[in-house]
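Me: I am new to this structure and would like to go through it slowly, one question at a time. Could you reason through each answer before giving the result?

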Amino acid sequence: MVKGKWNENLYRVERSLGEGENGKVYLVKKGSAFFAMKLGFDPVDHQSEVNVLKQLTKSDSPFNRFLIDVDDYHSGGKDYPFYVMKYIKGLKITDFVQVKGEKWLGLLGLHLLKKLTYLHANGFVFGDIKMENILVSDYGAVELIDFGGVTQKGRAVKQFTEIYDRGYWGAGTRIADEAYDVFAFAILFMQLSDHAHDWFSRHLLPQNRTLDLLKEKLQQEPNNELQVYVPFLRKALDGEFTSSIQAYAAWKALFYKRGKPFPSKPVKGNTLVWIQAGFIASVVLFISVWYFYS
Ligand SMILES: Nc1ncnc2c1ncn2[C@@H]1O[C@H](COP(=O)(O)OP(=O)(O)OP(=O)(O)O)[C@@H](O)[C@H]1O
């Protein structure tokens, strides 16, 4: 059990969800509700993450219900800072694509860009877009986790991962602007196609990390699902989308051009039974009314 020193909320730790450079994340239960609890390793980094989440809590965006509680856990004479957030039950985006298939790439891109537009509208840039920081729940709902890299526009990006960073590819600065996230988005989607996956994990010498090389790889993109988005990805790498709203509109246009409907939600087994029962009941009612009045 973890009891907050100040707010006195009591959480039962169920299991570990994961660990990164900044902290450990646990699945916790309060009453009958599940949450994710992050215990920070470094108090300064932890506080900076909490400050961003607190600001987003005040915003008019889907992020405003993400942060639940901020407190310290006192144990063995020491205080351990933690925060509690919404628990996201989902798969890492790579695993989701592997399980469900590449036909979902278009929809995932649409949802991720939409999320970024909310963050950007509130004056922030995500900074550390990478596979590990994107969870996908059923039916393709995309959620960002790990707000450690979230940076106010105009400041130097707080935390990034080399291959997603436009500075690494000599394609621009590390000053937080919307195009920075759109560039990382493009790398992510190139990486999500099997073809480029291997190539990204290889170590490249500094002189080989160029925008031309990225575009050359894009040209060779054999993946059918991603093919339609290649013009978008090229523009994103070139920094031509100065806002995520523009990027979202462009992706959306290609998504519909592709002419593929959203993978639809299957009707649940018991919903189907109720629909059938309702139909039979209405037929019986109709026959009996007709019989009664005729
Ligand atoms: N809200 C959440 N719901 C479900 N799982 C989560 C949540 N937040 C984090 N996790 C899990 O915990 C792991 C570590 O969390 P997080 O990425 O925030 O740590 P970090 O130390 O900031 O990582 P990094 O070293 O990448 O910066 C994630 O990869 C994810 O699997």
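Me: Is E8 buried or exposed?
Reply: In this predicted model, E8 sits in the loop between β1 (2–3) and β2, and its phi is positive, about 60 degrees, although it is not a glycine. Around E8 there are 8 other C-beta atoms within 10 Å, and a residue with 12 or fewer counts as exposed. E8 is therefore exposed.

Me: Is D146, which also has a positive phi, buried or exposed?
Reply: D146 is a residue other than glycine with a phi near 65 degrees, and its place is in the loop between β10 (141–144) and β11 (151–152). It has 23 other C-beta atoms within 10 Å, where 20 or more are needed for a residue to count as buried. D146 is therefore buried.

Me: Which strand gives the largest share of the shell around the ligand?
Reply: The ligand is surrounded by 19 residues, with G18, G20, E21, N22 and D146 the closest, and these 19 divide into seven nonpolar, six polar and six charged. At least two residues of the shell come from each of β2 (10–19), β3 (23–30), β4 (33–40) and β6 (78–86). The largest share, three residues, is supplied by β2.

Me: Between which domains does the ligand lie, and why?
Reply: The place of the ligand can be worked out from the residues that form the shell around it. Because both domains give residues to that shell, the ligand lies between domain 1 (2–86) and domain 2 (91–258).

Me: Which helix gives the most to the largest nonpolar core?
Reply: This core has 65 residues, and those touching the most other members are F183, F185, A186, F189 and A236. Leaving aside neighbours within four places in sequence, A236 is in contact with V182, F183, F185, A186, F241 and A247. At least three residues of the core come from each of domain 1 (2–86) and domain 2 (91–258). The helix that gives the most, with 12 residues, is α4 (residues 178–192).

Me: How far apart are the end C-alpha atoms of helix α3, and what span should its residues give?
Reply: Helix α3 (residues 105–121) has buried residues that include L105, L108, L112 and L116, and just after this helix G123 takes a positive phi of about 85 degrees. At 1.5 Å a residue, its 17 residues should span 24 Å, and the distance between its end C-alpha atoms agrees, at 24 Å.

Definitions and conventions:
Residues are numbered from 1 along each chain as its sequence is written. This is a predicted model: local features need pLDDT of at least 70, side-chain atom pairs count only at pLDDT 80 or more; totals for chains, interfaces and linings use all residues. Helices (H or I, at least four residues) and strands (E, at least two) are DSSP runs, numbered from the N terminus. The expected span of a helix is 1.5 Å times one less than its number of residues. A residue is near a molecule or strand if its C-beta atom, placed from the backbone, lies within 6 Å of it. Ala, Val, Leu, Ile, Met, Phe, Trp, Tyr, Cys and Pro count as nonpolar, Asp, Glu, Lys and Arg as charged, and the others, Gly among them, as polar. Domain bounds come from an automatic or database domain assignment. A nonpolar core is a set of buried Ala, Val, Leu, Ile, Met, Phe, Trp, Tyr and Cys residues joined through C-beta atoms within 7 Å. Two residues are in contact if their C-beta atoms, placed from the backbone, lie within 7 Å.
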